[in-house]
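Here are my notes on the model you passed along. Have it open beside you as you read.

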Amino acid sequence: MFFKVMALRACGFLVFRRLAQPTSPGVIEYLLLQTSYGQHHWTPPKGHVDPGEDDLTTALRETQEEAGLGAEHLQVLDGFLQELHYTVKGRPKDVLYWLAELRDPKTEVTLSAEHQDYRWARLEEACSLAQYKDLQDTLRAAQRHLDSQQEKNGQGLS
């Protein structure tokens, strides 16, 4: 008899903040958390879907648990959702990421025991910290999405 191995499913946010700049629409920084286990890799806040929980609820819950940022701190952007597929310890894993802006760029991050450090990083530093190509590609896609939104809103870089 053949059994299909169910993929682990996780959901999270690419949380970003805009730092006001007098001559431009602002510098964008992404939040990455450093795990306190394993290889101490850097990752956006994310976690496994609980039974009966929808994906977006999971992303909100995990971001609250891991970074202390709740729905009241975040503005989820429309039109951006990335799905990553990879293998962890021989099991398939699917991860969904939405893009969420921190409403107040000065809001403090509060880490859970799952993480030992956090960093706000511009795109290239975030990609360097991320290490995994699919996460780097996701960060770059988020940046392209934000750049295109700025151009649509007439805030293109001059």
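The points below go from the overall layout to single residues.

1. Ground rules. This is a predicted model, so to speak of a local feature I need pLDDT of at least 70, side-chain atom pairs count only at pLDDT 80 or more, and totals for chains, interfaces and linings use all residues. Residues are numbered from 1 along each chain as its sequence is written, and side-chain values use heavy atoms, with hydrogens and water left out.

2. Layout. The protein chain has three helices and seven strands, in the order β-β-β-β-α-β-β-β-α-α from the N terminus. Helices (H or I, at least four residues) and strands (E, at least two) are DSSP runs, numbered from the N terminus. Of the 158 residues, 45% count as buried; buried means under 20% relative accessible area, exposed over 50%, and partly exposed in between (1.4 Å probe, protein chains only).

3. The β5/β6 hairpin. Strand β5 (residues 74-88) runs antiparallel to strand β6 (residues 91-102), with 11 bridges between them. For pairing, DSSP has to find at least two bridges between two strands. If you want one register to check, Val76 has Ala100 in β6 as its bridge partner. Two residues sit between the strands, and Lys89 in this hairpin has a positive phi near 50°.

4. The largest pocket. Its volume is about 620 Å³, where a volume is the space filled by probe spheres set on grid points, the points being joined across faces, edges and corners. A pocket here is an open set of points on a 1 Å grid over the protein atoms alone, where a 1.4 Å probe fits, with protein on both sides within 12 Å along at least five of seven lines; lining residues have an atom within 4 Å of a point. There are 25 lining residues, and Tyr37, His41, Lys46, Tyr86 and Lys93 lie nearest the centre. The elements giving two or more residues to that lining are β3 (42-43), β4 (46-48), α1 (55-67), β5, β6 and α3 (133-152).

5. Lining chemistry. The lining divides into 11 nonpolar, seven polar and seven charged residues. Mind the classes: Ala, Val, Leu, Ile, Met, Phe, Trp, Tyr, Cys and Pro count as nonpolar, Asp, Glu, Lys and Arg as charged, and the others, Gly among them, as polar.

6. Helix α2. Which residues are buried in α2? They are Leu123, Ala126, Cys127, Leu129 and Ala130. Down the helix axis they fall within an arc of 165° (taken from the directions from the axis to the C-beta atoms), so they line one face of α2. Glu124 and Ser128 are exposed, on the face turned away from the buried side.

7. Positive phi in loops. Gln131, just after α2, has a positive phi of about 70°. This residue is in the loop between α2 (123-130) and α3, and is exposed at 57% relative accessible area. His40 is another non-glycine residue with a positive phi, near 55°. His40 belongs to the loop between β2 (24-35) and β3 and is partly exposed, at 31%.

8. Cysteines. The structure has zero disulfides, a disulfide being a pair of cysteine sulfur atoms within 2.5 Å. Cys11 is buried at 0% relative accessibility, and Cys127 is buried at 2%.

9. One contact to look at. Glu114, in the loop between β6 and β7 (115-121), is partly exposed with a relative accessible area of 35%. Glu114 and Glu65 are 49 residues apart in sequence, with 9.4 Å from C-alpha to C-alpha.
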